[in-house]
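Student: Could you take me through one part of this protein slowly, as if I were meeting it for the first time? I would like to see how its pieces fit together, and then have a few other spots to look at.

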Amino acid sequence: MGTPMATAGFDTAVRVPAAEAPSPEGPRRRTRALLHVAWIGALALAAGLRVGRFGFHPSDQGFILAQSWRVLHGEIPHTDIISARPLGSAVLHVLDFAIPAPLFVSSSVLSMVEIIMGTVALAVLVTRKPLLTWGPGLTGLVAAAALLNLNSFPLMAWHTIDGIALTALGAWALDSGLRSGNPLARRAGLVLFGLAPLVKQSFAPAALVGLAWLALHPSTRRPVRWPRILVDLCCLGACGAGYVGVVALDGGFTTMADQLTGGLPAYAERLLTFWDGASIRFVWPVLAVVIVMAGIALVRRRGDRFRALHGVFLLVGAAVVVRVVVRGGFSAELRWADILWWAAVAAVLLAGVLAHRPPWPALLVPALGLMISLSWGQDTPTLLAGSLALTVAVVLADGLPAVPWRRQERLVAAGALGLAAVVAASVLVVKKHDEGAYLDVSHDRLTEDLGTVTPAMAGVRTNPGTYAYLAQIEDCVRRFPAADVAVLANNPFAYPAFGLHNPFPLEWPLPLEVVADAPQRMLDTAAGLNARGDYLVLFQTVDPDVLAKGGPVPATVSADAPIIDYLGVENGIRDALHGTPVTCGSFVGRWAPR
């Protein structure tokens, strides 16, 4: 996205040795662009088909798609839909429904595209090498980093993945536009920066990063052109203003404020308290990176006679990073992503202190890692672990003397390195997912294709217990037809999967998602259903943990069976509804036919 230009100030950056020629032009440029599109598409498709479609759990997987389904049918965020987060992701993933393929598999492939593109954007910023100048070595390392960013996370539409992609792509576009003088790229980047906070509050700093990036760049400050600055600021704030404006016009400004400020705060305690009583097995890799950085700085000051030692230090640092990834095994308990985050912070800051040349763009990677750690469930930067590892390696390689090989030899060696990295990362990721899919069982036990339950889930494989559970929902909906259908409590996937209209303002009344006046509005909705009729409300009796372990799902239950209820809302709804009590499979419900 643009050719680098010599600049100063905020644009100072890490630069790695380049074996490739300057940015290609004409037919070569188009060929390289097509090759990059091809590998990104192929990797996303391979990940979706080999990893993303294996394993399913009714709770998380489908949550964002359920909100998108409502937006697609004209419902307004925060008035019709209660949410503890802005619903920018729900708006973005309306696109998933436009793809002529099974919804859940195509959505997982799109999510992998987001992960890859975010990884590519961050790599461009850290290496300061335009994408079209990349050779096979760097391309392979970035592809491997994208796979490590996925690690053991389920491939699904998710707000954190959206926030990473929007922030990284926004920085790439803004940086490219500022360096090349391209106003379209600059303003597109600002729009993306402004959109990032709308998928999750933890990405609010992204807008401030974009503003600082714009304000501190020399092209903005010398000379100051107020009309240009005004348009740029409008681009940064356009998405936020549009979102708030639509909600306000629907009369939901106050309810939006109550919902967005009513959730449980997250402070990334796990990440920021890393040093508080940390074991030496967690601390030593970070200290090793610090020592390696100091060694590299010392070698540089000693002159060319000792430059070969830079390569030795690089190999040591790379070995430390690889060991953290391999030994971590994508396990949160082993804190592998936290270690990589602190190693990246140390490497980037020391590069600025020791080299007197702060690598400002590289700071975005740990900053983004902190943003994604502001989370209830994933308070660790695992979704950026591959980019953190790559950042450490690139910073350590900065200024490394070129190997005195011929160009063809360098390309072969770089290609071998890139291929080895992709193969190794693929093996690690596939092995982890095969051992146990997210909230599902091992690969050999995922024997059932959910496409026989609903076409929207064709290709998705799960265990027999979860399959039976979904089949029971389909049977209930078919046996008891109604205009309004709710499946409580942990089944947001059901609405887009079966094409249902959820009359309640929440898809997933998990305690952390129940904010502001949600309990009362849920009960008020039940009263409205009694007045209108034509509804079916199903209540789950099977514990979600049973499904995650592939446990048995009962074929029948009694009408008064206990239901899954976290805050008393579901039992309150069941008691309030006047419809006929029904049972089907493991579900109980209330039905009022037309």
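Tutor: Here is a close look at one sheet, followed by a pair of helices and one loop.

Please keep in mind that this is a predicted model, where local features need pLDDT of at least 70, side-chain atom pairs count only at pLDDT 80 or more, and totals for chains, interfaces and linings use all residues. Residues are numbered from 1 along each chain as its sequence is written, and side-chain values use heavy atoms, with hydrogens and water left out.

Let's begin with the sheet. Four strands form an open sheet in the order E3-E4-E6-E5, and their pairing is mixed. (Strands, E, of at least two residues, and helices, H or I, of at least four, are DSSP runs numbered from the N terminus; two strands pair if DSSP finds at least two bridges between them.) Strand E3 (484–488) and strand E5 (580–584) are the edges: each has a single partner strand, so one side of each is left without a neighbour in the sheet. Going from one strand to the next, the twist averages 20°.

Now follow E3 towards its partner. E3 pairs with strand E4 (residues 535–540) in the parallel sense, over 5 bridges. To see this pairing residue by residue, find Ala486, whose bridge partner in E4 is Val537. Helix H23 (residues 569–576) lies across E3, E4 and strand E6 (587–592), and runs at about 140° to E4. (Such angles run from 0 to 180 degrees between N-to-C directions, with axes fitted to C-alpha atoms, for helices over the stretch in contact; contact means heavy atoms within 4.5 Å.)

At Leu488, look at the link to the next residue: a cis peptide bond joins Leu488 and Ala489, with omega of about 15°. Ala489 itself belongs to the loop between E3 and helix H20 (494–498).

Next, the helices. Two packed helices are described by the angle between their axes and the distance between the axes. For helix H7 (residues 183–195) and helix H10 (residues 226–249), the axes come within 6 Å and cross at roughly 35°. Among the residues making this contact are Leu190, Val191 and Phe193 of H7, and Val231, Cys235 and Leu236 of H10. By type, the contact of H7 with H10 divides into 8 nonpolar, 1 polar and 4 charged residues. (Ala, Val, Leu, Ile, Met, Phe, Trp, Tyr, Cys and Pro count as nonpolar, Asp, Glu, Lys and Arg as charged, and the others, Gly among them, as polar.)

Finally, visit Arg128, in the loop between H4 and helix H5 (136–150). Phi of Arg128 is near 60°, a positive value in a residue other than glycine.
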